[in-house]
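Open the model in your viewer and keep the selection tool at hand. We will go stop by stop, picking chains and residues as we go.

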6 protein chains.
Amino acid sequence: MATVPPSLLVVSAHAGDFVWRAGGAIASATARGERAVVVCLSYGERGESAKAWREGKGLEEIKALRREEAEHAAAELGAETRFLDAGDYPLIGDREILDQLVRVYREVNPTVVLTHTLADPYNGDHPEAARLALQARVLAQAIGYDAPGDPLGAPPVFFFEPHQPEQCDFKPDVLLDITDVFATKRRAMECLGAQQHMWDYYTDLAVRRGVQLKRNAGPNLGFPTDTKGEAYMRYYPQVTDRLE
Amino acid sequence: MATVPPSLLVVSAHAGDFVWRAGGAIASATARGERAVVVCLSYGERGESAKAWREGKGLEEIKALRREEAEHAAAELGAETRFLDAGDYPLIGDREILDQLVRVYREVNPTVVLTHTLADPYNGDHPEAARLALQARVLAQAIGYDAPGDPLGAPPVFFFEPHQPEQCDFKPDVLLDITDVFATKRRAMECLGAQQHMWDYYTDLAVRRGVQLKRNAGPNLGFPTDTKGEAYMRYYPQVTDRLE
Amino acid sequence: MATVPPSLLVVSAHAGDFVWRAGGAIASATARGERAVVVCLSYGERGESAKAWREGKGLEEIKALRREEAEHAAAELGAETRFLDAGDYPLIGDREILDQLVRVYREVNPTVVLTHTLADPYNGDHPEAARLALQARVLAQAIGYDAPGDPLGAPPVFFFEPHQPEQCDFKPDVLLDITDVFATKRRAMECLGAQQHMWDYYTDLAVRRGVQLKRNAGPNLGFPTDTKGEAYMRYYPQVTDRLE
Amino acid sequence: MATVPPSLLVVSAHAGDFVWRAGGAIASATARGERAVVVCLSYGERGESAKAWREGKGLEEIKALRREEAEHAAAELGAETRFLDAGDYPLIGDREILDQLVRVYREVNPTVVLTHTLADPYNGDHPEAARLALQARVLAQAIGYDAPGDPLGAPPVFFFEPHQPEQCDFKPDVLLDITDVFATKRRAMECLGAQQHMWDYYTDLAVRRGVQLKRNAGPNLGFPTDTKGEAYMRYYPQVTDRLE
Amino acid sequence: MATVPPSLLVVSAHAGDFVWRAGGAIASATARGERAVVVCLSYGERGESAKAWREGKGLEEIKALRREEAEHAAAELGAETRFLDAGDYPLIGDREILDQLVRVYREVNPTVVLTHTLADPYNGDHPEAARLALQARVLAQAIGYDAPGDPLGAPPVFFFEPHQPEQCDFKPDVLLDITDVFATKRRAMECLGAQQHMWDYYTDLAVRRGVQLKRNAGPNLGFPTDTKGEAYMRYYPQVTDRLE
Amino acid sequence: MATVPPSLLVVSAHAGDFVWRAGGAIASATARGERAVVVCLSYGERGESAKAWREGKGLEEIKALRREEAEHAAAELGAETRFLDAGDYPLIGDREILDQLVRVYREVNPTVVLTHTLADPYNGDHPEAARLALQARVLAQAIGYDAPGDPLGAPPVFFFEPHQPEQCDFKPDVLLDITDVFATKRRAMECLGAQQHMWDYYTDLAVRRGVQLKRNAGPNLGFPTDTKGEAYMRYYPQVTDRLE
């Protein structure tokens with residue numbers, strides 16, 4: 001019955017988020033030959049570029065820098081990028097940015113959507129991006145919404161892991177095995193030169209989620225010692241023909 | 001890597017619960033050639049046999065009756081049965097019944113476990129059964145637990161749908177497509193002659209969960225008009241190598 | 001002490017919502033001779049009129065169509081209507097629409113308010129309508145708010161049942177007996193010709209909530225076999241002089 | 001249809017709880033001519049009799065003292081008493097005490113049940129009493145449960161207010177107007193001589209709940225300045241034929 | 001290591017909130033010689049000045065009146081004030097008011113922040129103020145945010161107690177001993193002449209929180225009989241080098 | 001006012017738990033010269049000694065081994081130990097073990113208590129230990145409880161971090177700086193020879209919690225790069241005379 005080819009849409013508040021939080025899922029999809037598109041609502045130019053500001057760089061320079069890094073990282077992961085340049089700190093999801101995002105949905109026709117959690121006490125842009133991603137997805141489903149393309153189906157949405165998961169009410173529903181593509185994710189992380197201390201931090205996290213993955217896997221699964229994982233929450237119920 | 005053959009263990013407080021709540025999942029598994037084992041902790045002789053009591057039947061007679069019905073229903077679904085006869089209203093999960101259940105786990109070595117929700121304001125036996133099922137699963141995993149057989153792996157656990165879902169804090173995580181096996185589930189329901197009013201009630205529920213299933217399915221899935229569903233909650237995170 | 005005559009205000013995001021979700025409560029109120037006023041914030045012209053769009057109708061035509069249907073349904077239920085034409089998909093609750101709604105509150109002076117739930121992952125307009133309904137109610141209570149009429153009292157607010165209740169965190173607090181007026185609700189539903197598949201869906205739901213109503217009723221209440229119900233959540237504590 | 005006369009059953013962990021927490025509801029019921037029965041599972045002899053222990057009294061003496069106080073207070077409120085003497089600190093709800101409680105349910109056939117909250121970090125006996133009250137209620141409904149009397153209907157259950165409500169996850173669902181019977185409640189409180197500091201504490205609480213009651217009442221209700229209230233949570237949905 | 005002097009920033013929706021809800025904390029801070037700054041986003045001119053409106057006063061007159069009262073109360077507490085005059089009922093946190101608040105953060109450089117809870121079914125301005133306070137705090141931390149002053153650290157945030165705590169999901173995390181400064185808080189309350197009925201209400205609340213404070217204090221603490229308290233919730237985890 | 005010397009009581013389900021989860025808090029307390037007592041309800045002989053069972057060791061041998069390891073680890077941390085030998089997998093908190101624990105409370109008179117979380121889907125012994133610790137604490141407070149020693153005060157209780165925190169509903173309330181004593185914790189971990197893979201796992205966790213600690217610390221605190229942390233949840237509100 002299935003005729004829509006699988007494709008992944010990632011809605012990211014800032015230029016770097018998709019790498020740390022969903023790099024494994026993106027690399028997995030593209031390794032299977034699927035299309036992956038990353039939408040960066042902003043460059044994170046004000047709120048996530050402290051090093052560049054301390055070095056005295058200017059706003060446009062920083063935006064260009066962040067864009068370049070993000071493009072390199074996306075290229076490593078095999079993903080396309082879209083930059084909506086909506087501004088950050090605060091990211092404000094107005095009517096226009098919402099409409100642009102609906103158009104991306106209509107064009108990409110994703111079968112899976114990834115975005116931020118709906119709560120994050122440390123960064124208001126993250127939940128704003130999640131709200132935009134969810135709202136645009138519903139609008140894109142309506143035949144009456146005035147934008148090019150066909151109405152969207154109902155792709156599942158997964159929230160990727162925030163920096164301080166417990167404080168964001170992040171309780172993993174899904175542990176994704178990213179062992180085979182972790183080297184790719186690591187290379188993508190290394191494209192983000194200004195945040196070198198994060199490379200090891202998120203490698204450690206992948207190990208930690210890998211340990212949990214093994215402890216939650218059924219009796220049949222023989223995971224290797226160096227299993228790496230990423231954690232996600234589902235926003236809608238899973239639809240399946242097999243409990244497993 | 002997988003060497004353990006798939007098998008399903010259903011832990012049911014009373015003799016009829018597994019039919020209404022998980023009949024579709026059981027029939028699906030056996031239709032795929034997998035083993036399914038239903039453990040009835042009690043016969044529901046006191047709390048779920050009102051008609052028989054009103055007809056003046058005695059305790060042992062009622063237990064035999066409920067057992068026979070459950071065996072017929074299980075046979076329709078292609079499942080084996082185990083009756084632990086622990087008593088109901090109240091079902092009390094003491095040390096001995098817990099040990100018996102551990103032994104069933106070790107013998108069946110299930111790859112999937114189904115049981116009741118942990119809350120049910122209308123029936124204290126249901127959460128007691130769930131607690132037993134969960135506790136026995138963890139005990140069976142320990143090499144130091146003194147019972148025959150090898151330590152269990154970590155099979156996923158799903159809670160099936162209670163009669164009044166919202167009051168039991170039941171929020172579906174998984175919508176299972178049971179369209180292909182629904183006729184089998186209906187036949188199994190019809191084995192429970194004393195509860196004829198439930199046949200249509202749970203057919204209607206399957207339609208309702210089918211409608212929701214279609215609304216939550218991704219764009220690729222072409223479900224038929226008469227799609228039937230069953231709803232489940234996961235107790236542990238899903239482990240997977242693909243987000244979908 | 002009571003001097004304000006009972007009246008019901010229903011705040012509905014789209015033109016059809018009040019029929020499926022609160023038709024029984026409205027018909028009950030008007031059957032008792034009480035006033036009922038339905039405010040439709042939009043016509044649901046973009047998001048809930050798929051059939052008309054597929055038939056190639058234009059925007060204004062669809063709005064007129066939805067309005068007509070809603071007026072017929074409201075007439076069946078004995079309710080007045082107000083159409084604020086705020087637009088849907090997305091419904092955006094700006095300062096002006098909020099002010100219009102405050103004025104409706106001041107004019108109607110409702111003793112009971114019904115609206116959507118505050119969460120709905122399937123439709124962002126529904127929680128937006130609920131937020132507007134709640135905010136306008138509080139504003140209308142303030143003597144300093146610049147609008148005609150006297151400050152409002154503190155009418156109780158009930159959330160009616162969304163399409164996928166569990167996913168909207170809808171846990172019924174109140175089961176309303178609508179048996180006597182169900183035929184009226186059915187006629188009102190049949191005024192919404194474009195959504196014929198919903199007539200039976202919501203009839204089945206009324207049966208289901210009726211079954212639950214009987215199971216939660218005290219020992220004294222003799223409900224008939226064909227009891228029909230509607231489910232609601234309270235937003236504020238109930239005030240009473242008798243526990244029952 | 002109603003044929004069962006209204007009656008109130010209060011399940012109290014210790015001898016004094018019902019006075020502080022539900023005295024107004026009891027006095028209201030008896031003032032309407034309804035029967036009210038208070039079951040004290042224990043006397044609170046170890047955990048709630050600090051003054052008597054400090055005075056050097058012995059265990060049996062303290063139990064007699066607490067019983068006498070409770071009987072006086074119940075008499076003021078117009079209620080009957082039952083003392084199950086199950087022991088406190090800890091109160092342990094074994095099979096036997098549960099059976100005794102089922103028998104009380106069958107005998108009283110209550111139309112309303114009041115008990116403690118299911119959580120109380122300051123006193124483990126309170127939630128244990130609540131669990132017993134809820135479990136016995138369900139057992140008493142089963143025709144197959146071996147105890148004298150007819151099967152119980154499904155009386156609503158209300159949790160009364162614990163000493164530190166927020167810490168017990170107590171969020172009031174119902175604010176009960178006890179203005180007319182508050183003088184009676186005060187006299188009942190004054191029967192508990194050892195806890196004189198509580199008289200004013202619970203009078204202040206009645207004022208506070210009265211203030212909230214007035215702020216949550218609809219526009220029609222003219223409450224006096226000295227309105228007194230008690231707060232309750234519902235465990236099951238309210239069944240009604242009128243939203244108000 | 002510590003070099004930033006302790007200072008307290010209180011973000012209050014209306015002119016009076018900080019007195020009833022946080023007067024004790026403010027007085028404690030200033031009694032220790034610390035700086036305290038109260039930001040009143042509005043004067044509460046429409047929503048919290050019913051008496052003045054009933055007396056026929058005009059809008060500007062009322063704003064002046066509320067400002068004067070707030071200044072007197074703040075002076076009693078030893079705090080500075082800032083009035084942003086953003087309007088109330090509804091308070092709308094637009095981009096400009098947010099920016100003004102960021103600038104206050106940068107200027108004050110608070111080591112502790114107090115504000116409203118994120119939910120309040122009785123007053124939409126309160127959660128709006130809380131959202132503004134939290135968002136501005138995060139923005140002020142970013143070096144790239146264009147406002148004078150150095151980037152903020154990460155001061156802890158406490159929510160003060162709303163009028164109907166349970167309905168606002170207010171569960172106290174912190175009980176603050178305000179016994180020594182309660183007389184000052186009382187004098188500050190008495191500066192708010194239009195709300196005389198609140199003076200005793202909040203004195204009673206201080207007694208009640210004091211009682212709870214004593215019941216939650218460890219064995220070492222000898223609190224006096226007349227202990228007074230204020231309750232708070234933490235938004236971020238406490239950082240400490242000692243569990244106590 | 002304070003006269004009770006500070007002392008720490010740790011209630012641990014198995015012999016090793018206190019090291020991984022609370023070693024830093026224990027070492028901090030003893031480094032300040034405070035007394036620390038660890039109660040091991042069981043040795044973890046069945047459920048947490050897989051390596052020994054695989055090596056073919058017997059039950060008593062394993063218990064002795066685990067005891068010895070725990071004693072060494074406790075000695076490194078400067079803590080006393082008590083072994084109640086209640087059995088594990090399942091740990092069953094009966095009346096007798098509860099009474100023993102009350103007696104430990106009365107003897108130690110702790111000013112701070114640490115134990116497991118109340119939920120743990122991976123290990124039923126952990127919440128059972130927590131329930132025992134909480135129940136015994138309340139019993140020990142009652143003058144009427146028949147055990148030697150004076151009634152306990154009301155020491156605060158902290159839950160230490162479980163192995164899979166999010167699945168156990170563990171949301172850190174307190175981040176404890178253990179930088180200065182981390183070397184001691186590491187040595188204590190190294191006493192547990194059978195679980196060598198955990199040494200690095202919990203070192204990584206200390207780094208991770210240290211990173212979070214720095215991000216939640218106020219502006220005044222200058223934490224070093226290698227800050228180490230432990231995370232805790234409070235069960236009762238904090239009592240303090242200063243918000244910070």
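## Stop 1: where chain A meets chain B

Select chain A and chain B: across their interface the rule finds 2 salt bridges. Keep in mind that this is a predicted model.

Now pick out B:Arg242 and A:Glu34. Their side chains meet in a salt bridge, 3.8 Å from N to O. Side chains of opposite charge can pair when their charged atoms come close.

Next, show the contacts. Here 44 residues of chain A are in contact with 44 residues of chain B. The area buried between chain A and chain B is about 3,700 Å². Carbon and sulfur atoms give 59% of that area.

## Stop 2: a pair inside chain B

Stay on chain B and select B:Glu34 and B:Arg32. The side chains of B:Glu34 and B:Arg32 form a salt bridge, with 2.8 Å from N to O. Are the two partners buried or exposed? B:Glu34 has 15% relative accessibility, so B:Glu34 counts as buried. B:Arg32 is partly exposed, because its relative accessible area is 30%.

## Stop 3: chain D against chain B

Add chain D to the view. How many salt bridges are there between chain D and chain B? The count is 0.

There are contacts to look at, though. 13 residues of chain D are in contact with 12 residues of chain B. Select D:Val138, D:Ile143 and D:Gly144. These supply 39% of the area that chain D buries against chain B, more than any other three residues. Chain D and chain B bury about 1,100 Å² between them. Of this area, 70% is on carbon and sulfur atoms.

Now superpose the two chains. A turn of 120 degrees and a shift of 0.0 Å along the axis lay chain D on chain B, with an RMSD of 0.0 Å. The two copies are therefore related as by a three-fold rotation axis. Which residue of chain D comes closest to the rotation axis? Select D:Asp94: its C-alpha lies at 7.0 Å from that axis.

## Stop 4: one helical turn in chain C

Move to chain C and find helix α5, residues 125-141. Select C:Arg131 and C:Glu128. Their side chains meet in a salt bridge, 2.9 Å from N to O. C:Arg131 and C:Glu128 are 3 residues apart in the helix, so about one helical turn separates them.

Check how covered each partner is. C:Arg131 is partly exposed, because its relative accessible area is 42%. C:Glu128 has 18% relative accessibility, so C:Glu128 counts as buried.

## Stop 5: a link across chain E

Go to chain E and select E:Lys63 and E:Asp85. Their side chains meet in a salt bridge, 3.2 Å from N to O. This pair links distant parts of the chain, 22 residues apart. E:Lys63 sits in helix α3, residues 59-77 of chain E. E:Asp85 sits in the loop between β3 (80-83) and α4 (95-108) of chain E.

E:Lys63 counts as buried, because its relative accessibility is 13%. E:Asp85, at 37% relative accessibility, counts as partly exposed.

For a joined set, switch to chain A. Salt bridges that share partners join A:Arg35, A:Glu80, A:Arg82 and A:Glu107 into one network. Over all chains, the structure holds 125 salt bridges.

## Stop 6: a kinked helix in chain E

Return to chain E and select helix α1, residues 17-31. Where is the kink in α1(E) centred? Select E:Gly23: the kink there is about 75 degrees.

Now check the helix from end to end. At 1.5 Å a residue, its 15 residues should span 21 Å. The end C-alpha atoms are 20 Å apart, which agrees.

α1(E) is mostly covered, with 13 of its 15 residues buried. Then step to E:Gly33, which follows α1(E). The phi of E:Gly33 is positive, near 90 degrees.

## Stop 7: a buried tyrosine in chain A

Finish at A:Tyr145, in the loop between α5 (125-140) and β5 (157-160) of chain A. A:Tyr145 has 5% relative accessibility, so A:Tyr145 counts as buried.

What is A:Tyr145 in contact with, leaving aside its neighbours within four places in sequence? In chain A, select A:Arg95, A:Asp99, A:Val102, A:Arg106 and A:Leu139. Then add C:Tyr89 and C:Pro90 from chain C.

Last, look at A:Tyr145 with A:Asp99. They are 46 residues apart in sequence. In space they are 9.7 Å apart, C-alpha to C-alpha.

Note on methods: Residues numbered from 1 in each chain as written. Chains lettered and ligands numbered in written order. Predicted model: local features only at pLDDT ≥ 70, side-chain atom pairs only at ≥ 80, totals over all residues. Heavy atoms only, no water. Helix = DSSP H or I, 4+ residues; strand = E, 2+ residues; numbered from the N terminus. Expected span 1.5 Å × (residues − 1). Bend = angle between axes of the 7 residues up to and from the residue. Buried < 20%, exposed > 50% of the residue type's maximum accessible area, 1.4 Å probe, protein only. Least-squares fit on C-alpha atoms with pLDDT ≥ 70 in both. Contact = heavy atoms within 4.5 Å. Buried area = accessible area lost by both parts, 1.4 Å probe. Salt bridge = Lys/Arg side-chain N within 4 Å of Asp/Glu carboxyl O.
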